[in-house]
Amino acid sequence: MTIQFPKDFLWGTATAAHQVEGNNNHSDWWDWEKIPGKIKHGDVSGIACDHWGRFDEDLALMKALGANTYRLSVEWAKIEPKQGVWDEAAIAHYAEVVRKLLASGIEPMITLHHFTSPRWWADKGYWAWEGTAAAFGGYAKLVFERIAPNVRIFTTVNEPLVHLGAGYIMGIMPPEKKGFEHLQAPLLGMLRAHAAAYRALHECASAHGKKIEVGMAHHLRIFDPKHTWNPVDQLVSKIMDAAFNTSVPNALETGRIRVKVPGLLTIDEDIPGLANTQDYFGLNYYSRDLVTLGWKDGSLQPLPTVKKGALVNDLGWELYPEGFLRVLRRVAKHYPGKPIYVTENGLADAVDSRRANFIESHVSAMETAIGEGVPVKAYCHWSLLDNFEWIEGFEPRFGLVEIDYATLARKPRPSFQVYRDLIGRHRNDR
Ligand code: FCB
């Protein structure tokens with residue numbers, strides 16, 4: 001049975017500024033990625049895909065795909081390269097990008113923070129700095145007024161716990177702190193900053209007589225016990241799930257952040273102004289982990305593993321479309337009535353042998369969910385282009401469009417046509 005997708009359903013792709021634009025030279029990553037040993041093969045983002053300079057070409061690709069949405073991030077480090085100094089050229093660039101998307105019938109979804117940060121703000125202490133909520137709120141206001149007064153969907157922060165987990169627990173991204181004890185201060189600061197940006201965006205929008213939706217993009221994973229019969233694995237997968245998947249989204253509803261990893265971490269705080277600050281549920285879904293308990297860095301910790309024999313992507317992540325259905329059902333149950341925007345879903349697949357099937361199986365999971373009444377309203381495939389995949393460098397190929405990094409030539413992969421045909425079959429808004 002084929003389900004009718006809602007008439008206003010958004011089909012498109014997602015990217016993030018640092019991964020595609022190039023020349024993010026006022027950001028924390030610009031310096032950090034040059035330190036030997038940080039990025040695979042010693043890659044640095046450099047000009048990346050020159051999405052900044054070749055936006056028109058990339059817009060033509062989105063049109064060829066038949067997309068009616070594009071999730072992009074604006075780069076705070078480019079917009080405010082020094083504290084209180086706004087870069088007019090960068091503002092004009094993004095305003096033009098938004099104008100061109102809207103003129104092409106492609107609705108922009110704008111993310112304010114996607115892993116990279118202005119160097120000046122990093123030097124002050126990132127999210128933990130006491131001026132962060134005011135600074136981030138001011139940046140949000142500027143983005144609305146100067147860049148995106150006609151944009152409807154805003155994401156304050158991309159994958160809060162991936163970003164903070166990598167930077168403050170695992171120590172594999174800036175600022176390279178290692179240990180659970182480092183998480184609390186930046187997490188609380190980030191939630192305060194989110195609340196400030198939520199308010200700032202809504203205030204600006206109502207002053208302009210506009211209705212907008214603001215939320216975060218949450219990375220939800222499936223955590224199943226490695227040994228299903230083992231009560232310890234069952235417990236550990238529950239702990240991981242609560243800490244990673246539900247703590248932040250719940251906090252945006254209730255105003256109270258609670259994260260508990262026994263023996264390692266307890267956070268339980270009320271954040272004034274945080275309750276009811278997500279108008280939609282932004283969902284990034286990629287994979288599942290089978291969890292067990294094991295020794296790491298001298299302590300017993302939850303350890304993620306990959307199912308033996310599973311079909312995986314080029315980075316070894318299990319391809320698990322059933323998990324997408326499970327996650328969609330769960331979000332609909334826990335956050336009833338909230339529209340769900342799939343802000344990311346994709347795979348690294350250099351030879352493009354699994355992408356078409358990945359897209360079809362994940363869209364079919366979405367279709368099943370919609371048939372059950374789950375309010376999914378958008379699907380953004382990660383990613384339009386191959387790009388700079390953080391510590392993995394340029395090697396993983398997430399693009400529907402292949403980039404030749406020697407010439408920056410774009411070449412749609414066969415799966416691009418598959419996704420295009422699928423959008424053609426399902427789009428009902430024209
Ligand atoms: C997500 C990130 C995105 C990209 C994909 C592969 O966690 O949000 O920037 O790296 O993974």
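**Ligand shell and cysteines in a predicted model**

Around the ligand stand Gln 19, His 114, Asn 158, Glu 159, His 219, Tyr 286, Glu 344, Trp 382, Glu 389, Trp 390 and Phe 398, where a residue counts as near if one of its heavy atoms lies within 4 Å. This is a predicted model, in which local features need pLDDT of at least 70 and side-chain atom pairs count only at pLDDT 80 or more, while totals for chains, interfaces and linings use all residues. Residues are numbered from 1 along each chain as its sequence is written, and side-chain values use heavy atoms, with hydrogens and water left out.

Me: What makes the pair formed by Gln 19 and the ligand a polar contact?

Reply: A polar side-chain atom of Gln 19 lies 2.8 Å from a ligand oxygen, and a pair of N or O atoms within 3.5 Å is a polar contact, so the pair qualifies. Asn 158 places a polar side-chain atom 2.9 Å from an oxygen atom of the ligand, and for an N or O atom in the side chain of Glu 344 the distance is 3.0 Å. The protein buries 96% of the 300 Å² that the ligand exposes when taken alone, by the Shrake-Rupley method with a 1.4 Å probe.

Me: Why is Cys 380 in no disulfide with Cys 49?

Reply: A disulfide is a pair of cysteine sulfur atoms within 2.5 Å, whereas the sulfur of Cys 380 is 17 Å from that of Cys 49, its closest, and is therefore too far for a bond. The structure holds zero disulfides.

Me: How do you know whether Cys 49 is buried or exposed?

Reply: Buried means under 20% relative accessible area, exposed over 50% and partly exposed in between, with a 1.4 Å probe and protein chains only; Cys 49 has 0% relative accessibility and therefore counts as buried.

How values were computed:
A polar contact is a pair of N or O atoms within 3.5 Å; within protein, one must be able to donate a hydrogen and the other to accept it, and residues adjacent in sequence count only if both atoms are side-chain atoms.
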